[in-house]
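Open the model in your viewer and show it as a cartoon, with side chains available on request. The stops below say what to select next and what is there.

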Amino acid sequence: MELIVQILMLFIALNCILKLSFWKNWQAVLFGLLCGGFVMAIYPYAMLQSKAQIADFLNNKTAMQNMAVFITIDSVI
């Protein structure tokens, strides 16, 4: 399951890079700043998560099905 998540993260990163390649420089910089702000804001919350909690989430079939729906919608858009 961990391998699937890593492959999914790779495809999402490639998708983002491909989309950014069509943007102007100022748009890409703005997007980078927004991503950096998100990382800074979510960092304290992410540090509170344990590996066991993340593993429980990945083993939750309903949560994974919901995530698959969101990823499919993102791919279509």
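Is N59 buried or exposed? Select N59: this residue is exposed, with a relative accessible area of 61%. On this scale buried means under 20% relative accessible area, exposed over 50%, and partly exposed in between, using a 1.4 Å probe and protein chains only.

A note on the model before going on. It is predicted, so local features need pLDDT of at least 70 and side-chain atom pairs count only at pLDDT 80 or more, while totals for chains, interfaces and linings use all residues. Residues are numbered from 1 along each chain as its sequence is written, and side-chain values use heavy atoms, with hydrogens and water left out.

**Helix α3 and a distance**

Stay on N59 and widen the selection to residues 51–59, which are helix α3. Helices are DSSP runs of H or I with at least four residues, strands are runs of E with at least two, and both are numbered from the N terminus. Now add L18 and draw the C-alpha to C-alpha distance to N59: 31 Å in space, for 41 residues in sequence.

**The whole chain**

Zoom out. The protein chain has four helices and zero strands, and from the N terminus on its elements run α-α-α-α. The radius of gyration is 15 Å, well over the 11 Å that the globule rule gives for 77 residues, so the chain is more spread out than a compact globule. That radius is taken over C-alpha atoms, and the rule is 2.2 Å times the number of residues to the power 0.38. Along the principal axes, the C-alpha atoms fill a box of roughly 40 × 30 × 20 Å. Buried residues make up 1% of the 77 residues.

Switch on the surface. The chain exposes about 6,900 Å², and carbon and sulfur atoms supply 74% of this area; accessible areas come from the Shrake-Rupley method with a 1.4 Å probe, and for residues only the protein chains shown count as cover.

**Helix α1**

Select I7, in helix α1 (residues 2–20). I7 is partly exposed, at 38% relative accessible area. Add L3, L10, F11, L14 and I17: with I7 they form a nonpolar surface patch, with about 620 Å² of accessible area together.

**The aromatic pair**

Finish with W23 and F31. A search of the whole structure finds one aromatic pair. W23 and F31 form this pair, edge-to-face, at 5.6 Å centre to centre and 90° between the planes. Both residues are partly exposed: W23 at 39% and F31 at 27%.

Methods
Rings of Phe, Tyr and Trp (its six-membered ring) pair if their centres lie within 6.5 Å; planes under 30 degrees apart count as stacked, over 60 as edge-to-face and the rest as tilted. Patches are made of residues with over 30% relative accessible area and no salt bridge: like charges are joined within 9 Å, nonpolar side chains (Val, Leu, Ile, Met, Phe, Trp, Tyr) within 5 Å. A salt bridge is a side-chain nitrogen of Lys or Arg within 4 Å of a carboxyl oxygen of Asp or Glu.
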